[in-house]
Structure formats: C-alpha cells, structure tokens
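Here is a walk through one structure, taken a piece at a time. Keep the viewer open and click along.

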Amino acid sequence: MRSPTATAEFAAIAAPRAVDEIESQIRDMVAQGRLKPGDRLPSERDLAAKLNVSRNTLREALRTLERAGILEMRKGVHGGAYILHGSSDAIIDGFSNLYHLGAISPQQLTEARIWLSEIVVRIACERATEEDLRALDENIRAGRRAIAEDRFDVRQKLHREFHLILARITRNPIIESTMAGVMEVMGLFIERIGPSENAFTEPARDRLMKHLRNRDADSAVKEMTSYLKRLQTRYLNQWAEREPPRR
C-alpha cells in the first residue's frame with residue numbers, strides 16, 4: 001500500500017512565472033516517477049510554504065493541472081490534490097474545444113478519421129484476440145437492435161463505440177486517446193447535422209469482421225476506407241445542406 005501523501009521534494013519557486021513553474025515541477029515529478037498515480041500532494045498550506053508562493057498562486061496552478069487531467073481535487077476528510085492515473089479526458093476536451101471554436105472543419109474531421117482508422121484496422125488485424133472480436137460482434141448486434149427499434153441516438157453512439165473498440169485493440173494509449181478525441185467530435189458533428197439513413201454500414205461491418213478474422217489487413221483497410229469515404233460524402237453533403245455558406 002502506497003503512502004497516502006507524496007514524499008517528493010519540492011523546490012521553492014520564484015516569481016513572476018510562478019504558476020508555470022509549479023506546473024512544470026509537478027509534471028516533471030510525475031514523468032520521473034517521483035510522483036505516482038494515487039499519491040496525494042502535501043496540504044495546500046504546506047505545499048505553498050515549500051514552493052514559497054501564495055496559496056492563491058498554488059491554487060491556480062493546481063486548477064490548471066486538474067483541467068489537464070494530471071490531478072484530481074478531492075473534498076472531505078481525505079481531500080486534497082491527488083495524482084491521477086492516465087486518462088484521455090484532456091485530449092478529448094482539447095479536441096472538443098477546437099471543434100467548438102471552429103478550428104476543425106467537417107472536411108478535416110472526416111478525413112482525419114479515415115487516416116487514423118486505416119492505421120487502427122491494420123494493427124487490429126495483427127493484435128485482435130477472440131475476446132476482442134466478440135466485443136466487436138456484440139457491438140454490431142446491439143447496433144442492429146437499435147436500428148430495428150428506430151433509435152438513432154443509440155445507433156450512432158454504438159457506431160462510434162465500434163471505432164473505440166478497434167482502437168483499444170491496438171493496445172496503444174496514444175492511438176486510443178486520439179481516436180477517443182476524434183469520435184467525441186464526430187458525435188458533436190453528427191448531432192449538428194442530424195439523423196440520416198444509410199443501408200451500407202451493417203454490410204460493411206460484416207465484411208470488415210470477415211477480414212479481421214482472416215487477418216487480411218489489406219482487405220480490412222480497403223473495406224474500412226471505402227466505407228468511411230462513402231460516409232464522409234454523405235456527411236459533407238448534409239453539412240452543406242444545413243449550413244448556409246459564409247460571406
């Protein structure tokens with residue numbers, strides 16, 4: 001059992017870049033393993049004294065690290081600032097913010113999904129276990145039930161989860177986090193353009209699963225790319241119909 005409070009040595013901070021230096025010091029300690037997931041930082045009063053900064057300055061730095069997904073601020077008897085286990089939340093939030101700010105266009109979003117999926121599918125052909133394939137099969141069955149029940153909201157969520165399952169098969173947290181961010185923005189985009197009918201998703205899923213089971217990476221990538229490009233055309237057409245051109 002790890003000690004509930006971190007014992008890493010903190011160095012006094014000099015103004016005027018105190019907030020940045022606090023963040024950098026804590027990030028470095030995490031990267032070097034001197035602070036580990038589950039560790040609790042010293043109390044606010046003690047840490048401010050060690051760093052030679054005001055408590056307001058410390059709070060600002062801790063809030064920034066919390067938004068970045070590095071710290072969790074807890075309340076109560078066992079409250080305080082805790083180092084988090086790895087999470088893709090910060091990446092997902094970053095992608096979402098870029099989309100809301102208009103920095104990601106529908107064309108860029110849909111083509112990024114195509115490129116990323118090509119990598120994911122190729123690796124999935126190599127690394128997928130029987131358990132992984134069963135998870136994909138169950139997702140497809142659930143998607144068909146949603147179609148039969150005319151549940152567009154459930155269907156589109158399950159279709160996005162299919163891509164997240166594929167990304168998890170890579171066993172690479174960078175690929176998983178990136179796909180999670182892309183699919184989060186895809187969900188926002190689809191909500192904006194509204195529901196649409198297509199009869200090609202389920203047959204494409206069936207063909208893809210056949211290629212995955214055969215470990216035929218070239219055919220699997222070709223199937224996924226063809227499917228996503230067809231979907232891209234559909235989405236961009238819907239976008240053009242719903243969004244008037246900017247002057």
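## Before we start

Helices here are DSSP runs of type H or I with at least four residues, numbered from the N terminus. By that count, Ser96 sits in helix α4, which covers residues 89–100. One thing to keep in mind throughout: this is a predicted model.

## Helix α4 and its link to α8

Let's stay with Ser96 for a moment. Is Ser96 buried or exposed? Ser96 has a relative accessible area of 9%, and the cut-off for buried is under 20%, so Ser96 counts as buried. Leaving aside residues up to four places away in sequence, Ser96 touches Glu184, Val185 and Leu188. Ser96 also pairs up in space with Val182: 86 residues separate the two in sequence, yet their C-alpha atoms are 8.6 Å apart.

Asp93 is in helix α4 too. With 41% relative accessibility, Asp93 is classed as partly exposed. Between the C-alpha atoms of Asp93 and Val185 there are 9.4 Å in space, against 92 residues along the chain.

## Where α5 meets α8

Next, have a look at helix α5 (residues 106–127) and helix α8 (residues 173–193). Their axes lie 10 Å apart, and the two helices pack at an angle of about 145°. The crossing of α5 past α8 is left-handed.

Which residues make the contact? On the α5 side they are Pro106, Leu109, Thr110, Arg113, Leu116, Ser117 and Val120. On the α8 side you'll find Ile175, Thr178, Met179, Val182, Met183, Val185, Met186 and Phe189. Sorted by class, this contact of α5 with α8 has 11 nonpolar residues, three polar ones and one charged one.

## His163, a buried histidine

His163 belongs to helix α7, residues 152–169. With a relative accessibility of 2%, His163 counts as buried.

What does His163 touch? Setting aside residues up to four places away in sequence, the list is Arg113, Ser117, Met179, Met183, Arg205, Met224 and Leu228. Some of these names should ring a bell: Arg113 and Ser117 are part of the α5 side of the helix contact described above, and Met179 and Met183 are part of the α8 side.

## Aromatic pairs

How many aromatic pairs does a search of the whole structure find? It turns up three. One of them joins Phe189 and Tyr235, with 6.1 Å from centre to centre and 90° between the planes, which is an edge-to-face arrangement. Phe189 is in helix α8 and Tyr235 is in helix α10 (residues 217–242), so this pair ties together parts of the chain that are 46 residues apart in sequence. Both partners are tucked away: Phe189 is buried at 0% relative accessible area, and Tyr235 is buried at 10%.

Then there's the pair of Phe200 and Tyr227. The ring centres are 5.9 Å apart and the planes stand at 65°; edge-to-face needs planes over 60 degrees apart, so Phe200 and Tyr227 get that label. Phe200 is in the loop between α8 and α9 (201–213), while Tyr227 is in helix α10, so the pair links parts 27 residues apart in sequence. Phe200 is buried at 8% relative accessibility, and Tyr227 is buried at 6%.

Back to Phe189 and Tyr235: together with Trp239, they make up one aromatic cluster.

## Arginines over rings

Two arginines are worth a click here. Arg74 lies over the face of Tyr82, 3.8 Å from the ring centre. Arg205 has its charged end over the ring of Phe162, at 4.0 Å from the centre of that ring. Arg205 also appears among the residues touched by His163.

## Two loop residues with positive phi

Last stop: the backbone. Asn52 has a phi near 60°, a positive value in a residue other than glycine. Look for Asn52 in the loop between α2 (44–51) and α3 (55–67). At 56% relative accessible area, Asn52 is exposed.

Arg215 is not a glycine either, and has a positive phi of about 60°. Arg215 lies in the loop between α9 and α10, and with a relative accessible area of 40% this arginine is partly exposed.

How values were computed: Residues numbered from 1 in each chain as written. Predicted model: local features only at pLDDT ≥ 70, side-chain atom pairs only at ≥ 80, totals over all residues. Heavy atoms only, no water. Axes fitted to C-alpha atoms, helices over the stretch in contact; angles between N-to-C directions. Left-handed = near helix turned anticlockwise from the far one by under 90°. Contact = heavy atoms within 4.5 Å. Nonpolar A, V, L, I, M, F, W, Y, C, P; charged D, E, K, R; others polar. Phe/Tyr/Trp six-rings, centres within 6.5 Å; stacked < 30°, edge-to-face > 60°. Buried < 20%, exposed > 50% of the residue type's maximum accessible area, 1.4 Å probe, protein only. Lys NZ or Arg CZ within 6 Å of the ring centre and 35° of its normal.
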